[in-house]
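User: I should like to understand how the descriptive terms used for a protein model are justified. Please take me through the reasoning.

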Amino acid sequence: MNKVHFVDTCVLDNLLNVPGWNQEHDRIIDEYKQYSDNGDIFVLPVAVLVETGNHIAQARYNNYEIATKFVNLIRG
């Protein structure tokens with residue numbers, strides 16, 4: 001049976017590797033791959049999208065690159 005996971009801002013920041021918000025990047029990537037391989041479902045609340053966008057905007061470098069990844073992730 002597939003599980004449903006609500007993605008929090010800290011998880012999305014780590015998945016996108018947002019500077020200053022990515023302390024657990026490797027662990028989160030490993031967990032995400034495991035859940036994804038199991039066919040689990042991910043839910044992204046709108047507030048998480050807004051907060052992550054704000055963190056990307058505040059990043060000191062790679063803003064455009066990270067924002068592009070963010071858009072591609074949301075578009076699917």
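**Terms and their grounds**

Analyst: In this predicted model, Tyr-32 counts as partly exposed because its relative accessibility is 30%, and partly exposed covers the range between under 20% and over 50%. Tyr-32 is placed in helix H2, residues 25-37.

User: What makes the link between Arg-27 and Glu-31 a salt bridge?

Analyst: The closest N and O atoms of Arg-27 and Glu-31 are 2.4 Å apart, and the definition asks for a side-chain nitrogen of Lys or Arg within 4 Å of a carboxyl oxygen of Asp or Glu. The pair therefore qualifies as a salt bridge. Arg-27 and Glu-31 are four residues apart in helix H2, so about one helical turn separates them.

User: Why are Glu-24, Arg-27 and Glu-31 called a network?

Analyst: Arg-27 also forms a salt bridge with Glu-24, with the closest N and O atoms 2.6 Å apart. Salt bridges thus link Glu-24, Arg-27 and Glu-31. The whole structure holds two salt bridges.

User: How do you know whether Arg-27 is buried or exposed, or in between?

Analyst: Arg-27 has 39% relative accessibility and so counts as partly exposed, since buried means under 20% and exposed over 50%. Glu-24, at 38%, is likewise partly exposed.

User: Which residues make up the largest nonpolar core, and which helices supply it?

Analyst: The core has eleven residues, including Val-7, Leu-12, Val-18 and Phe-70. Helices H1, H3 and H4 each supply at least two of its residues, and H1 gives the largest share, three residues.

Conventions: Residues are numbered from 1 along each chain as its sequence is written. This is a predicted model: local features need pLDDT of at least 70, side-chain atom pairs count only at pLDDT 80 or more; totals for chains, interfaces and linings use all residues. Side-chain values use heavy atoms; hydrogens and water are left out. A nonpolar core is a set of buried Ala, Val, Leu, Ile, Met, Phe, Trp, Tyr and Cys residues joined through side-chain atoms within 4.5 Å. Buried means under 20% relative accessible area, exposed over 50%, partly exposed in between (1.4 Å probe, protein chains only).
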